[in-house]
Structures are given as structure tokens and as C-alpha cells.
Amino acid sequence: MLIARVVGSAVSTIKDEKLKDRKLLICCQTDETGKVIGKPYVAVDTVDAGEGDLVLTAAGSSARQTTTTKNTPVDSVIMAVIDSLVVEGKVTFRN
Amino acid sequence: MLIARVVGSAVSTIKDEKLKDRKLLICCQTDETGKVIGKPYVAVDTVDAGEGDLVLTAAGSSARQTTTTKNTPVDSVIMAVIDSLVVEGKVTFRN
Amino acid sequence: MLIARVVGSAVSTIKDEKLKDRKLLICCQTDETGKVIGKPYVAVDTVDAGEGDLVLTAAGSSARQTTTTKNTPVDSVIMAVIDSLVVEGKVTFRN
Amino acid sequence: MLIARVVGSAVSTIKDEKLKDRKLLICCQTDETGKVIGKPYVAVDTVDAGEGDLVLTAAGSSARQTTTTKNTPVDSVIMAVIDSLVVEGKVTFRN
Amino acid sequence: MLIARVVGSAVSTIKDEKLKDRKLLICCQTDETGKVIGKPYVAVDTVDAGEGDLVLTAAGSSARQTTTTKNTPVDSVIMAVIDSLVVEGKVTFRN
């Protein structure tokens, strides 16, 4: 999974019918401290994440292994909100 | 999903029979403002998108989770047209 | 799908038995004009493509959604020969 | 599979229910000597790996082919701890 | 598939039980002449490849479409040993 920051949201009226009422959040990959290091991508939220949260996103077919995303045409899902990250014994991020 | 701009289209006569009558659009990944930042790729349209539209594309097996693309050899699908993007509380794109 | 140029072919005697008689072509990703911009990779041909052709290739599990590649250990397939590409109203490639 | 170093761990309270009690480790891709060359990502541990270990991680749907990760929304799994790596006849890493 | 050179091997005692007795080879992507251009990764051998061989590797779920790798947590497999590569009519590699 990627460590990512939720930076915003996307609104779409015309979309696959299976995406109705799905929350589409804009995420950017971060490093272990929560610093953004990647380009924006859009993931479906399944854990009530909000802007600013540090999250984990799963890609590909794994993005469809939640009750929210099963059988839908989405390739990225937010499946966890990060409380803290520890690297080499030091806390590098805490929510 | 990637945020992408539809920049054109591809025409193919000789193709897998399951792709008959599928609309093949050329897309480029963009940033959160709609500025192109990626190389061109081709996605199957499922939402009647047109050139110039900002869209979301899903890749891999997820690209086959629409009625248009089920069981077809395609690895990218346009599954939403973007109305607007909001980053850190500001509208960065509006259709 | 990637837009790619067929630049050559690979010969292999020792291979998975399900690949017997499959044509293995060397492809390079191109831009919308057909100019090569990517590293070489090998795709299974399913549309009788030939060297020099501009084609579309599908990757991952989608590469197994043709009668030629079903249940075989291949992750890239040529599923269309491109006739023409149009970007922003101009023909950028014609076969 | 990627050769990767376990550099830390992630803690998450709010997550997909199928991830309950799963150990989330932060990994970085390394070269054949164990030197870190990639950005951090998070993988589910299935082999009781610990910080500092050199491991193999499998991505995508393959990450769900263990008893620990079956049907869960995860796209990366640690499925082996590396004892040693040999390149061109020389031991480049030994645990 | 990637064109890759087998450069070494990995030894692992603690691993997913389905990987018992699987041969784990270290590969690097090459260009069409066999020159290494990529970072090392590990693939399961299914064609009795050896160090120095030029091979094809398939990634993702396609890596599980061999009798050796079915249902196992591996995302890369060696499914062919390359005899020769021909680009633009010239032999660029011969075993």
C-alpha cells in the first residue's frame, strides 16, 4: 500500500452507475513523515477519511476487496487511516 | 484512478472482435488543475466523454468492471467525467 | 492501453507449454505521432501484426482476455493495429 | 517480487475490518546488496518479519494469495525473509 | 513481458509454505541486446533457467498461470528462455 495524504476531492455527475454516492478523494503519495512526494490520484474512500488525513491506499484488483468497492470500476481505495508511523524506532508521524 | 485529459482518439479496423464499436480515446494524465503531466495512453470510453474533457480512468482488471468492457482485453477505461476538483479548500478545476 | 511500435521479435524454444506457437513481438511505447519513447517489452500477437506496425497493447490480467492468451502466463498482448491517431483535431499518425 | 528492507511499522485504528490484527510494515526496495533504493511502502507481514530484515514482497492480486491476506484489500505482502543473495557467484547479502 | 537477464539467486528458509522448493532467481530488465537497464527483482523459475540466461518474465496475476506458481503469492515468473532477438531485421541477441 502507499502512504498518502488526502489533499482534496473530485466531483463527478456523469460516471459509471456503480460509483453512485461513492466519495472520490484526491490523494498524493508521501514519505514516512507524511511529506508529499507523488502526483495526485483519486481513490474511493471506505473509512470516512477527510482532507489532511494520512491514509493507506490499495491499488488494482485489491481496491475492489471492500464492501464499498466490490465489482466497481475503481483501481484505488482508501482502506486505512494512519495513526502513527515508526521508522528505525522513532515516531516519524503521529496524527 | 488517474485524473486525465481526453486529447484525441484512435481508429483501428483490425482488432480483437470484442472491441468492435468500442470508442478508443487518447488520454494524458493531468495534475489537480487539469494540466497535462503524463504520456498519452488509450482508454475505452464508457461515459460518452469527448475531446477536451477531464476524466477519471481506471486501470488493470478494474477497467473490465463496466458493462462495456466486461471480459474484453482492455486495461484502461474512462469511468467518470470530472465536474470539479477541490484541493485544500480551493477549486482547482471546474468544467 | 499503450500506443506501441512493433520493432522486432523474440524466439524461444524452452518456454511454458501454453506458449507453444505464440508469436512474441518486441514493442516500444510511442507518443501520439508514433515516435518511440519507451523501453522494449515483449507482447503476444493476436491480430497478425508485423514489424513496423503501430499497435495497442493491453497489460496485466487484461492481456489474458483473448482466445489466444486465455489462461497463459503472459502479461502483455497486442489486441489492435492502429489505422490512425487524431489529437486536437489533427491527424498525428496514419498507417 | 521486490527485494526490500523492513524499516518500520504503521499503526491504524480506523481501517477495513478485514485488516484487524494484521501487521503493517513499512518497506523500502533495495538492490541486491540490501541497500535501500526505493520509496517507502506498506506491506502486510505473513512470515513474522521484523525491522531490519531483508524480505521479498509480492504486489497486486498476488498479495492476496496467503491465508493471512485472502480477500482483503491489500496490494502488498511480505511472503519471504531472505537468508542470502548471490549475484554472479558472489554472496552480496547474508543475514 | 520484460526481457531480463538472470543475474543470481535468493535463498529463503522462512517463507510462505506454498513457495517450498520454488527456485527464486534475481533478474534485471535488459534492452533488446541483452544489456542490463533495470533494477534487480526476484522471479520464480519455471523453465529451468540459469544464471546468465536471457529470459522473459511475466508479472502480476499472469505470473500465477503456470503449474509451478498457481495460487501462490508470487508476482513474477520466468516463463521462457530467449534463444534470439531480432530488431529491424538484425539479430541483436543470440544465445
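Tutor: Two strands pair if DSSP finds at least two bridges between them. This rule is applied here to a predicted model.

Student: In which sense do β3(E) and strand β5 of chain E pair?
Tutor: The cut-off is at least two bridges, and two bridges join β3(E) to strand β5 (residues 76-81) of chain E. One bridge matches E:D45 with E:I78 in β5(E). The sense of the pairing between β3(E) and β5(E) is parallel.

Student: How many bridges link strand β2 and strand β3 of chain E?
Tutor: Strand β2 covers residues 24-30 and strand β3 covers residues 36-45, and the two pair in the antiparallel sense. Opposite E:C27 stands E:Y41 in β3(E). The number of bridges between β2 and β3 of chain E is six.

Student: Which residue takes a positive phi in the hairpin of β2(E) and β3(E)?
Tutor: The hairpin has five residues between the strands. A positive phi near 95 degrees is found there, and the residue that takes it is E:G34.

Student: What relation holds between chain E and chain D?
Tutor: A turn of 72 degrees, with a shift of 0.0 Å along the axis, lays chain E on chain D with an RMSD of 0.0 Å. That is therefore the relation of a five-fold axis.

Student: Why can the copies be said to meet through different surfaces?
Tutor: The interface residues of chain E can be checked against those of chain D. The copies meet through different surfaces because the share of the interface residues of chain E that are also interface residues in chain D is only 3%.

Student: Which three residues supply 23% of the area that chain E buries against chain D?
Tutor: The contact takes 30 residues from chain E and 26 residues from chain D. Between them the two chains bury about 2,200 Å², with 53% of it on carbon and sulfur atoms. More than any other three residues, the contributors of that 23% on the chain E side are E:P40, E:P73 and E:D75.

Student: How many salt bridges and how many residue pairs in polar contact lie between chain E and chain D?
Tutor: For chain E and chain D, the count of salt bridges is zero. Polar contacts are found across this interface, and the number of residue pairs is 16.

Student: Which strand gives the most to the side of chain E that touches chain D?
Tutor: On that side, β1 (2-11), β2 and β3 of chain E each supply at least two residues. With six residues, the strand that gives the most is β3(E).

Student: Which residue of β1(E) stands opposite D:L85?
Tutor: Strand β6 (residues 84-87) of chain D and β1(E) run antiparallel and are joined by four bridges. Opposite D:L85 in β1(E) stands E:A10.

Student: Which residue of β1(D) stands opposite A:L85?
Tutor: Chain A also contacts chain D, with 26 residues from chain A and 30 residues from chain D. Here β6(A) and strand β1 (residues 2-11) of chain D pair in the antiparallel sense over four bridges. The residue of β1(D) opposite A:L85 is D:A10.

Student: How far apart are the closest C-alpha atoms of chain B and chain D?
Tutor: Contact requires heavy atoms within 4.5 Å, and no contact joins chain B and chain D. Nor does any contact join chain C and chain D. For chain B and chain D, the closest C-alpha atoms lie apart by 10 Å.

Terms used: Residues numbered from 1 in each chain as written. Chains lettered and ligands numbered in written order. Predicted model: local features only at pLDDT ≥ 70, side-chain atom pairs only at ≥ 80, totals over all residues. Heavy atoms only, no water. Least-squares fit on C-alpha atoms with pLDDT ≥ 70 in both. Buried area = accessible area lost by both parts, 1.4 Å probe. Salt bridge = Lys/Arg side-chain N within 4 Å of Asp/Glu carboxyl O. Polar contact = N/O pair within 3.5 Å; in protein donor to acceptor, adjacent residues only side chain to side chain.
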